[in-house]
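Welcome, and please open the structure in your viewer. We will go through it one selection at a time.

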Amino acid sequence: MQLNELSYSKTFRALFQKDSAARAASSIILISSLYLLRYNDFQMFHIAVEIFSAVVSFGIFMFSMNSYSISSNDYFKFIGVGYLFVGMLDIFHVFSYESMQIFPNASQDMVSRFWLAARTFEVATVLLSNLFLTGKIRRPRYPLIHFLFLFFFVIVFAEAVYLNLLPSSWDSGQTRFKLFSEYIITLGFTAGVVMCYRSRHLMDRELFYYMMISLALKVVYEVCIFKFINNRDMMFAVGHIVKVISFLFMYRGILVTGIKRPYDKLVNNLDEEESFRRNMEEAIHLSDKCYDILINRSGDGIIIHTRDTIIFANDTAAKTIGVGAAADIIGKKIWDVVHYECSEQIMDRFMKVREEKTSLPFMNVKLISPEGLSIEGEQCCNYIMYRGQPAILTILRGFSYQEKINLLKKDIAASEKKLEKSNEYNMLLTEFFTNISHELKTPLNIILGSIQLLELPCSDKLSYEYEEKHSRYLKIMKQNSYRLIRLINNLIDISKYDTNYLKLDRRNCDMVSIVEDIVLSVVDSFRSKGVNVIFDTDTEEKIMAVDEDKIERIILNLLSNAVKFTNDGGQIFVNFEDHEDFVRIMFKDTGIGIPEDKLDIIFDRFGQVDRSMTRNREGSGIGLSLVKAIVQMHGGTVSVKSTVGVGSEFTVELPAVLAEEEYNTEAIAITCDSNMDKIDIEFSDIYSVD
């Protein structure tokens, strides 16, 4: 159970513990007498119930009006005025019996009409009073609403006694009109229960419980009334007794808040400490400058909270708790900053301050920061009136040393995070340079070895064999030269991208033609090694603004990546889809796949699935990172899906836009003249492809 729920439960228990045995006994005697009276004289029982309810209604009116000068509570004032009309209608309800011989046209139908009118006015009072409580209706509207109540009261009286315009309410029993009206009234009281619960934070707790019980009982007696068959059955009697109890609880709530509380306030104001606190509050409200000096610039932390919600805090309190500014804790529950070890003790202190309207001295407490750190110091609390409502002012002091420790812990934690990131980056750089050294050394050793072999002398009888070796070694040298060119080009481009020197030369091109030409240029080479490449498109032409050279780099890199990890007999599918606003190019292979825990790193700089020096597939780990950078420069996205042993699918999406003007870009450091050279460079890591 949460702390605020515990607080409410304690208030609820205290509510009934305060009732004396004499009051409880008198209530039981009253209810028992009414119930016994039902058996001796039913009409007298009904008259007694209605007269008692009317007297309580008039009492509510008198108490709420006479205490208004002290409490200045618009909520009680409106309830009092509303129940004045309810009480008068209950009196007319009794007077309309034929046996009373007061109204010349008295009948059972008139009795029912006054009953419905009284309950309707009561529902209106309950619902509208809640609007005054929440501030949705302001005080200047009082005269208009009172006039409307009086106007409708006159209309209702005239209709019940003289006009009889509404359908009959009684005809040898309850009519459909009366039953329908009772249903509406019951729903109205139910809505009143809901509204009262939602507004509980605006009400005194004792008043809240009294009003909730009273409104709930009103729902019960309405259910009893529209369930009874005749005036003498059990449901009718139980409903009227429940009505009496409901009025007693409402009367008790108004009495406690409208009479007892103002009286306690007057008595407490005679105390010297209360007088000093009141003068201090008045000084705070009268002078913003004084308010700033006493509160915001105070060396102690100051928090004001009502209903367990923080409504004010100065900057010192915010720093003490470990948040950036006072606004960061205003609106939170006071229990959010109290350490759980002393929460029960502090809750008891707050309960005592509220109930006795007193002040408590400093005591050692623990607070808790947003990071969960414990903060030790001292706290005292005082009962005050803050902006017209009761509140508790809490002063915090002695937290400065602990606050420095907390700040030091924060700095240490931040430094540890930076150090961890720095170590990760250094490790990444170390792996990169180790990998680059391997990538540069391998082709250089192969080229050097091939040159040495070509320099060996040979006889005429070995000339044919020598020529064959000569041709093969030249191919090896050329392929490894391409590897070096590819590595250097990637390093240059990724460095340009990091320094914002890599630019796009957008031109309006046929995107379908670009993709198709590149795919078809590698089909024969892949097929000769048992890898089949299939291209498919749903459109014949798609003109859009792209950098053709860099788009070729993307396609060749993804094809190289696909064939590198596809075994003999595998297939590579390249699909082009036109979605009007963007195009989607998918590269799907039937290769070895990528483990799920590695999918997040393959687009990272130097990220590789296999980082060992003995891996079967060569590469620096720059290619896919460069693909992602170029795609993003075009405003697109690249993603991957893969299943180990099934294959991988890379998807590139590019926005379909047209260029209004063309931009020039710097030439790359090492260029090539033909499209085949580009293919040879991108596929230089694949030794199995001729």
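How do α6 and α8 run relative to each other: roughly parallel or roughly antiparallel? Keep in mind as you look that this is a predicted model. Select residues 108-134 for helix α6 and residues 176-198 for helix α8; the two pack at an angle of about 20°, and their axes are 9 Å apart. Angles under 35 degrees count as roughly parallel, and α6 and α8 are therefore roughly parallel to each other. Now turn the view until one helix lies in front of the other: the crossing of α6 past α8 is left-handed.

Next, show the side chains where these helices meet. On the α6 side, pick out residues including W115, L116, V123 and L127. On the α8 side, the contact residues include F177, I185, F189 and M195. R119 and E122 of α6 also take part, as do K178 and E182 of α8. Colour the contact by residue class and you will find twelve nonpolar, six polar and four charged residues.

Now move along to the strands. Select residues 571-578, which are strand β9, together with residues 582-589, which are strand β10; seven bridges pair them in the antiparallel sense. To check the register, find F573, which has K588 of β10 opposite. Then follow the chain through the turn: β9 and β10 make a hairpin with three residues between them, and E580 in that turn has a positive phi of about 65°.

From β10, add strand β12 by selecting residues 647-655. β10 and β12 run antiparallel and are joined by seven bridges. A handy marker here is V583, whose bridge partner in β12 is L654.

Zoom out to take in the whole sheet. Five strands make up an open sheet with mixed pairing, in the order β7-β9-β10-β12-β11. At the edges stand β7 (532-537) and β11 (637-643); each has a single partner strand, so one side of each lacks a neighbour in the sheet. On average, neighbouring strands are turned by 10° against each other, direction ignored.

Finally, bring in two helices that pack on the sheet. Select residues 511-528 for helix α17, which touches β7, β9, β10 and β12 and whose direction makes about 160° with that of β7. Then select residues 548-564 for helix α18: this helix touches β9, β10 and β12, and its direction makes about 170° with that of β12.

How values were computed:
Residues numbered from 1 in each chain as written. Predicted model: local features only at pLDDT ≥ 70, side-chain atom pairs only at ≥ 80, totals over all residues. Heavy atoms only, no water. Axes fitted to C-alpha atoms, helices over the stretch in contact; angles between N-to-C directions. Helix = DSSP H or I, 4+ residues; strand = E, 2+ residues; numbered from the N terminus. Parallel < 35°, antiparallel > 145°, perpendicular 65-115°, else oblique. Left-handed = near helix turned anticlockwise from the far one by under 90°. Contact = heavy atoms within 4.5 Å. Nonpolar A, V, L, I, M, F, W, Y, C, P; charged D, E, K, R; others polar. Pairing = 2+ DSSP bridges.
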